[in-house]
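Work through these exercises with the sequence and the 3D view at hand. Try each task before you read its solution.

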Amino acid sequence: SYFGGTYFGGILLMERFYHFKYGDGFLDLPLQEGNVIQVLEAREIETIDDVPSEVNHVLDHPVDSKPFDELFERGDKVTIVVSDITRQVLLSEYLPTLVDRLNRLGIPDGDILVLIATGTHRAQTVAEKEKILGPELFRRLAVVDHDCDRSEMVYAGTTPRGTRVDVNRLAVERKVILTGAIVHHLMAGFGGGRKSIVPGVSSRRTIAENHLHALDPEAERSNPLIGVGALAGNPLHEDMVDCARLVKPAFLINSIVHTNGKLARLVAGDWLSAWEEGCRWADEKYGVPIERKADLVVASCGGYPKDISLYQGTKTLFNASLAVKEGGTVLMLAECREGAGADEFFGWSGPLKAGRLDPELRKNFTIPGYIFYAAVEAARKARVVLLSAIDPESVKPMGILGVNNLEDALESAGIGRKQETIVMPYGGATIPLFQSGEVSGSTTPCLKAPKGKGL
């Protein structure tokens with residue numbers, strides 16, 4: 001950030017210009033000195049300098065698991081489940097070392113397959129696959145997109161909550177290594193770990209049955225037991241664990257990526273225990289205490305690929321909602337070069353305008369539908385101004401004010417007025433922790449629809 005000043009009524013008003021990532025570039029926003037009460041930055045974290053050495057270390061000293069070399073042997077057919085391009089995993093930095101270990105154990109490249117856990121997302125382009133794996137491994141290994149509608153599925157069982165678990169055959173009939181990134185997540189508490197199975201490589205039906213737990217079974221609102229960082233008692237998370245338990249992955253290695261784009265931590269071992277250790281670490285490092293909520297929250301997703309679409313960018317909206325006062329304003333900076341990011345996303349505007357969003361979502365649950373639903377809840381709690389490339393008319397039914405240039409964004413958010421402001425340069429990776437009576441078992445407030453106005 002840097003300082004500047006403007007004259008208003010003959011008085012020099014001092015401003016600090018804050019630097020925000022936006023797409024592949026940056027935006028500078030002038031915020032008056034004295035208005036900003038807190039800038040939410042991740043704690044100082046030492047990133048990993050020697051990634052190959054760290055990978056070998058965690059493979060040799062895994063959490064609640066035999067060492068990596070004792071789990072795999074010549075003759076094994078191995079599936080490595082990886083995240084798609086929307087997740088910042090830095091897989092290409094640590095996967096070569098893992099594949100090298102498999103090769104040295106007598107497992108050639110021809111017996112290793114990479115399965116991209118798209119969930120309900122689109123297939124990846126050739127360029128995206130190469131970026132995910134890195135040029136060398138992309139050339140050497142077979143890479144397959146999971147398709148929740150067309151991939152060959154295998155029935156793995158049914159969870160205690162009644163979810164029928166149908167997963168990609170490539171994740172069942174071979175030894176499976178889960179990769180991915182641990183980040184806070186709106187519904188599941190945290191990403192990574194068991195999410196590589198559901199929704200990652202599961203059927204659309206399995207995903208829908210699991211994700212239906214995101215809705216309150218007794219009211220037209222989100223389930224108060226889910227939320228950012230919420231694991232204990234979270235039915236959606238617990239059902240995901242039961243799903244993954246049926247698949248029995250052989251090993252897990254997950255990354256935690258710092259806001260500076262470098263690897264901050266790797267955890268490896270048992271698919272559940274190692275992941276839980278990573279969640280505890282991420283919660284400690286990326287949860288940022290706030291003393292009070294603000295009138296205005298200015299939040300960037302952190303640039304591309306975090307703001308590739310509104311579907312992905314809503315993570316920042318949900319985090320910013322934890323820091324804004326009821327009736328306050330959130331200014332969200334998200335380029336959204338791929339628009340909504342899910343073909344059906346804005347299609348839920350029809351049921352919303354008809355007053356039937358909640359019953360329609362329960363009848364035909366989809367992840368984009370729920371993200372749309374939760375974004376509407378957030379926009380009912382606070383005024384949301386979205387600076388993006390999206391047509392403002394597309395977000396208007398959601399209660400979101402869309403703008404396409406910085407000048408309109410500043411005016412719409414009331415920049416320049418006296419209002420307590422919290423700044424979130426990396427909104428998707430910093431979690432405001434505000435303790436109040438509105439939360440039970442979590443620092444995450446339940447996003448409720450106004451009384452008498454269901455979705």
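**Exercise 1.** In which sense do strand 10 and strand 13 pair, and over how many bridges?

*Solution.* Keep in mind that this is a predicted model.
- Step 1. Find strand 10 at residues 175-178 and strand 13 at residues 251-257.
- Step 2. Read the sense: the two strands pair in parallel, over 2 bridges.
- Step 3. Look at isoleucine 177: its bridge partner in strand 13 is phenylalanine 251.

**Exercise 2.** Place this pair in its sheet. Which strands stand at the edges?

*Solution.*
- Step 1. Write down the order, which is 7-6-5-10-13-14. These 6 strands form an open sheet with mixed pairing.
- Step 2. Go to the edges: strand 7 (142-145) and strand 14 (263-269) each have a single partner strand, so one side of each lacks a neighbour in the sheet.
- Step 3. Add the twist. Neighbouring strands are turned by 20° against each other on average, direction ignored.

**Exercise 3.** Examine the edge at strand 7. Which of its side chains are buried?

*Solution.*
- Step 1. Start with the partner. Strand 6 (residues 112-117) runs parallel to strand 7, and 4 bridges join them.
- Step 2. Pick out one bridge: leucine 115 is matched with valine 144 in strand 7.
- Step 3. Sort the side chains by face. Val143 and Asp145 point to one face and are buried. Ala142 and Val144 point to the other face and are not buried.

**Exercise 4.** Find helices that pack against strand 14. At what angle does helix 8 run to this strand?

*Solution.*
- Step 1. Take helix 1 (residues 51-60). This helix packs on the sheet and touches strand 13 and strand 14. Its direction makes about 25° with that of strand 14.
- Step 2. Take helix 8 (residues 273-286). Helix 8 lies across strand 13 and strand 14. Its angle to strand 14 is about 155°.

**Exercise 5.** Describe how helix 1 packs with helix 3. Is the crossing left-handed or right-handed?

*Solution.*
- Step 1. Locate helix 3 at residues 91-104. The axes of helix 1 and helix 3 come within 9 Å and cross at roughly 55°.
- Step 2. Classify the angle: the two helices are therefore oblique to each other.
- Step 3. Give the hand, which is right-handed.
- Step 4. List some contact residues. Helix 1 contributes Val55 and Leu59, among others, and helix 3 contributes residues including Tyr94 and Leu98.
- Step 5. Sort the contact by class: 6 nonpolar, 2 polar and 4 charged residues.

**Exercise 6.** Do the same for helix 9 and helix 12. How many nonpolar residues does their contact have?

*Solution.*
- Step 1. Helix 12 covers residues 367-381. Helix 9 and helix 12 pack at about 35°, with their axes 10 Å apart.
- Step 2. Their crossing is left-handed.
- Step 3. Among the residues that meet are Leu317 and Phe318 in helix 9, and Ile371 and Ala375 in helix 12.
- Step 4. Count by class: 9 nonpolar, 2 polar and 1 charged residues.

**Exercise 7.** Inspect leucine 361. Is this residue buried or exposed?

*Solution.*
- Step 1. Find leucine 361 in helix 11 (residues 357-363).
- Step 2. Check its relative accessible area. The value is 0%, under the 20% cut-off, so leucine 361 is buried.
- Step 3. Look for contacts beyond four places in sequence. Leu212, Trp348 and Tyr373 are among them.
- Step 4. Compare sequence with space. Leucine 361 and leucine 212 are 149 residues apart in sequence and 8.7 Å apart in space, C-alpha to C-alpha.

Notes
Residues are numbered from 1 along each chain as its sequence is written. This is a predicted model: local features need pLDDT of at least 70, side-chain atom pairs count only at pLDDT 80 or more; totals for chains, interfaces and linings use all residues. Side-chain values use heavy atoms; hydrogens and water are left out. Two strands pair if DSSP finds at least two bridges between them. Helices (H or I, at least four residues) and strands (E, at least two) are DSSP runs, numbered from the N terminus. Axes are lines fitted to C-alpha atoms, for helices over the stretch in contact, and angles run from 0 to 180 degrees between N-to-C directions. Contact means heavy atoms within 4.5 Å. Angles under 35 degrees count as roughly parallel, over 145 as roughly antiparallel, 65 to 115 as roughly perpendicular and the rest as oblique. A crossing is left-handed if the near helix is turned anticlockwise from the far one by less than a right angle, and right-handed if clockwise. Ala, Val, Leu, Ile, Met, Phe, Trp, Tyr, Cys and Pro count as nonpolar, Asp, Glu, Lys and Arg as charged, and the others, Gly among them, as polar. Buried means under 20% relative accessible area, exposed over 50%, partly exposed in between (1.4 Å probe, protein chains only).
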